[in-house]
Amino acid sequence: MHNFIFFNTLAESGTQKEVINNNFTIVSGKGTDIKDNPALLNRAKRKTITRKMILSLIDITKAKGEPERQQMYWNAYHCQSKIISANNKLYGNYCKNRFCTICCAIRKAENINKYYPTLKNWDEPHFVTLTVKSVEENNLNKWVYGMNRAFNLIKSRCKKRHQRGTGIQLIGIKSLECNFNPIRKTYNPHFHLIVPNKEIALLLKKEWMFQWNKTADIHSSPKAQHIRKVENLERDLIETIKYGSKIFTETDLKKKGKKATAPMVYAYALDNILCAMKGKRIFDRFGFNLPKIGTKKIPQQLITNFDEYIFSTSSTDWINKTTGECLTGYLQPIELSHLLNECINTEAH
């Protein structure tokens, strides 16, 4: 069994802002509930993972001489480092970066709530994977661009047929992902899609193969393209809108002895994937529109009675600046501590 890194990306507009002095603070947004909110433990876990991973990525960009990407990583490092507690709510700034696990989780939840009501009305949704042959690092940027270009050509071709009454309309959602094979040192960009029926799924596969194999060079194999009926819409929607960065390599912890596979994070490869996807539209819908929802103005309020918390890497929690108390009580498991301290590979390949 090979180890793989899976990554999908995030882009989000808007932010929470705060202005603090000794007597008052101005916060934006509705805040996050403190009481009876088990999600805070997960947030502390994500913050712990992000901080450790980001430091590795910063070192890599230093070696590569990429100051702009280095600054983006620093922004993610400081995301939610300082938060305000008032009236049983938490407030803080979000970086909105694609590689921040806190922001990814929030964005994922928003998109699932946004798309699920529409997709649940599709008669027979199918899950589709479209891919090309694995490529080496120096070709990754070109192929990520090429895959998006290929899909746009397919959409344009099918739209014209539908307008002429000679073809069906393409409808669905798609996301672009990429994994890394540490054995072969190759990358495999691919699309995950959910479409309303099998007819559209088969058409996409047919057009995808035609797009890549119409020249003498064969870039994609029919066996590598997968179609299956959606049995659990929520699960497959999460798989498609997977903004939570799956930064650890796949591992089967149930295997014993020689068959056991140690998990590993290949940070250098992750940085290459992030670089290739920078500025690209990663998640999109096609052939349909969502119900229009009015834009809500982000509320602001002035607070005079508040507590300030600072995230402590050593404590894996936010610490009250005045009392020294922990916010969530999160304790990092030994397994996660081992992964973050012993299983991050930053070597170039």
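Lys64, Glu66, Arg69 and Asp271 are joined up in a network of salt bridges. Keep in mind that this is a predicted model. Beyond that network, here's a quick tour of the charged pairs, the cysteines, an open antiparallel sheet and a loop with two positive phi values, at Asn87 and Asn88.

**Salt bridges**

- The count for the structure comes to 13 salt bridges. As background, side chains of opposite charge can pair when their charged atoms come close.
- Inside the network, Lys64 bridges to Asp271, with the closest N and O atoms 2.6 Å apart. That pair links distant parts of the chain: Lys64 belongs to helix H1 (residues 39–64) and Asp271 to helix H7 (residues 267–277), 207 residues apart.
- Buried or exposed, what is Asp271? Asp271 is buried, at a relative accessible area of 0%, while its partner Lys64 is partly exposed at 28%.
- Lys89 and Asp33 also meet through their side chains, in a salt bridge of 2.6 Å from N to O. Lys89 sits in strand S6 (residues 89–92) and Asp33 in strand S4 (residues 32–33), so this contact ties together parts that are 56 residues apart in sequence.
- Both ends of that pair count as partly exposed: Lys89 has 24% relative accessibility, and Asp33 has 40%.
- Asp236 and Arg228 make another salt bridge, their closest N and O atoms lying 2.8 Å apart. Asp236 is buried, with a relative accessible area of 1%, whereas Arg228 is partly exposed at 34%.

**Cysteines**

- How many disulfides does a search of the whole structure find? The search comes back with zero.
- A disulfide is a covalent bond between the sulfur atoms of two cysteines.
- As for individual cysteines, Cys158 is buried, at 3% relative accessibility. Cys326 is partly exposed, with a relative accessible area of 45%.

**The sheet and helix H1**

- Five strands make up an open sheet, and their order is S4-S6-S5-S14-S15, with antiparallel pairing. In general, strands of a sheet pair through backbone hydrogen bonds, either parallel or antiparallel.
- Which strands are at the edges? Those are S4 and strand S15 (317–320), and each of them pairs on one side only.
- Helix H1 packs on this sheet, where it touches S4, S6, S14 and S15. The direction of H1 makes about 45 degrees with that of S14.
- S14 (residues 307–312) and S15 run antiparallel and are joined by four bridges. Among the residues involved, Ser312 has Asp317 in S15 as its bridge partner.
- The sheet and the charged pairs overlap: the Lys89–Asp33 salt bridge connects S6 and S4, and these two strands sit next to each other in the sheet order.

**The loop between S5 and S6**

- Most residues other than glycine have a negative phi, and this loop holds two that break the pattern.
- Asn87 is one of them: it isn't a glycine, yet its phi is positive, at about 55 degrees. Asn87 lies in the loop between strand S5 (82–86) and S6.
- Asn88 is in the loop between S5 and S6 as well. Its phi is near 60 degrees, again a positive value in a residue other than glycine.
- Exposed or buried, where does Asn87 fall? Asn87 is exposed, with a relative accessible area of 64%, while Asn88 counts as partly exposed at 42% relative accessibility.

Key: Residues numbered from 1 in each chain as written. Predicted model: local features only at pLDDT ≥ 70, side-chain atom pairs only at ≥ 80, totals over all residues. Heavy atoms only, no water. Salt bridge = Lys/Arg side-chain N within 4 Å of Asp/Glu carboxyl O. Buried < 20%, exposed > 50% of the residue type's maximum accessible area, 1.4 Å probe, protein only. Disulfide = S-S within 2.5 Å. Pairing = 2+ DSSP bridges. Contact = heavy atoms within 4.5 Å. Axes fitted to C-alpha atoms, helices over the stretch in contact; angles between N-to-C directions.
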